[in-house]
Amino acid sequence: MELADKAVGFLLSAVSLSIFSYYTFWVIILPFVEKDHFVHGYFLPQEYAILIPVFAGVALLSFLCVFVGYVTIKSNKKKKSA
Amino acid sequence: MVEKRTERRGEDRRKKVSVDVNRRCKKDRSNSLKVIVVPTMKHILKIMALVVVVAGLWISLLQTSVVPHSYTWLLPVYLIISLGCYGLLMVGIGLMLFPTCPQEAVLLQKDIVEAKEFLTSRGVDAGS
């Protein structure tokens with residue numbers, strides 16, 4: 001049981017560190033690199049650096065709202081029937 | 001005989017407890033709601049005020065050309081994402097370093113078995 005917890009914790013921290021380093025490199029270091037360097041092939045164009053997080057944030061917010069609405073409607077139905 | 005007496009006492013105690021709970025529920029409902037709602041309203045106002053102040057600071061920095069205009073959206077989004085990453089990292093590290101107490105677990109199991117034996121010997125139905 002502890003091993004599963006440790007594995008999940010390790011996975012979470014690895015994912016967060018990778019996302020942070022990728023995003024830092026993308027936003028802060030890449031503008032200072034010359035246009036012909038090969039590293040530019042591994043990163044999307046800079047506009048996507050804003051679009052993707054905003055899109056993910058909007059999706060998360062809408063999912064939360066839908067979830068809250070669903071739970072509220074369920075509890076109201078229960079109150080009516082009970 | 002002993003069992004009957006304890007059963008009756010248990011019933012009276014249960015009745016008293018339920019009546020008290022009803023009285024408490026009926027009396028304090030409005031007050032408890034007020035106590036719950038008011039702090040959340042003030043808390044949200046605080047958070048919104050903080051967001052407005054930070055946004056104002058950022059816009060003033062942009063207008064006075066201290067920060068180049070290409071960073072208009074990049075830096076706030078970057079800060080938000082780094083904050084989320086930091087939170088996730090703390091959760092992951094906490095999960096990894098969570099202390100389990102194997103000796104306490106064994107002792108607890110022993111206590112459970114002992115209590116079950118005691119109760120079944122006294123005639124109480126201790127579940128699974």
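The following dialogue examines how terms are applied to a predicted model of two chains, A and B.

Student: Why is T24(A) called buried?

Tutor: The relative accessible area of T24(A) is 17%. Buried means under 20%, so T24(A), at 17%, is called buried. This residue lies in helix α1 of chain A, which covers residues 2-29.

Student: What makes the pairing of T24(A) with the side chain of Y78(B) a polar contact?

Tutor: The side chains of T24(A) and Y78(B) are paired at 3.1 Å. A polar contact requires a pair of N or O atoms within 3.5 Å, one able to donate a hydrogen and the other to accept it. The value of 3.1 Å is within that cut-off, and the pair is therefore listed as a polar contact.

Student: Which residues is T24(A) in contact with, leaving aside its neighbours within four places in sequence?

Tutor: They are I29(A) and Y78(B). Contact means heavy atoms within 4.5 Å.

Student: Why is C65(A) called exposed, and why is C101(B) called partly exposed?

Tutor: C65(A) has a relative accessibility of 56%. Exposed means over 50%, so C65(A) is placed in that class. C101(B) has a relative accessible area of 45%. That value is neither under 20% nor over 50%, and C101(B) is therefore partly exposed.

Student: How many disulfides does the structure hold?

Tutor: The structure holds zero disulfides over all chains. A disulfide would need a pair of cysteine sulfur atoms within 2.5 Å, so no such pair is counted here.

Student: What makes L88(B) partly exposed, and which residues does it touch?

Tutor: L88(B) has 33% relative accessibility. As this lies between 20% and 50%, L88(B) counts as partly exposed. Its place is in helix α2 of chain B, residues 74-96. Not counting residues up to four places away in sequence, L88(B) touches L12(A) and S16(A).

Student: Why might residues on one helix point the same way?

Tutor: An α-helix has 3.6 residues a turn, so residues three or four places apart point the same way.

Student: How do you know that the span of helix α3 of chain B is close to the expected one?

Tutor: Helix α3, residues 102-121, has 20 residues and reaches 29 Å from its first C-alpha to its last. The expected span is 1.5 Å times one less than the number of residues, which gives 28 Å here, so 29 Å is described as close. Just after this helix, G123(B) takes a positive phi of about 95°.

Student: Where does UniProt place the feature "transmembrane region" in chain A?

Tutor: The unreviewed UniProt entry places that feature at residues 7-29 and 49-73 of chain A. In the model, residues 7-29 are 100% helix, with end C-alpha atoms 31 Å apart. Residues 49-73 are likewise 100% helix, with end C-alpha atoms 37 Å apart.

Student: Where does UniProt place the feature in chain B?

Tutor: The record, again an unreviewed entry, gives residues 44-61 and 73-98 of chain B. Residues 44-61 are 100% helix, whereas residues 73-98 are 88% helix and 0% strand.

Student: What makes up each chain as a whole?

Tutor: Chain A has two helices and zero strands, and chain B has three helices and zero strands. Of the 82 residues of chain A, 15% count as buried; in chain B, buried residues make up 9% of 128.

Technical notes
Residues are numbered from 1 along each chain as its sequence is written. Chains are lettered from A and ligands numbered from 1 in the order in which they are written. This is a predicted model: local features need pLDDT of at least 70, side-chain atom pairs count only at pLDDT 80 or more; totals for chains, interfaces and linings use all residues. Side-chain values use heavy atoms; hydrogens and water are left out. Helices (H or I, at least four residues) and strands (E, at least two) are DSSP runs, numbered from the N terminus. Buried means under 20% relative accessible area, exposed over 50%, partly exposed in between (1.4 Å probe, protein chains only). UniProt positions are given in the numbering used here, feature names are shortened, and annotations may be inferred rather than shown by experiment.
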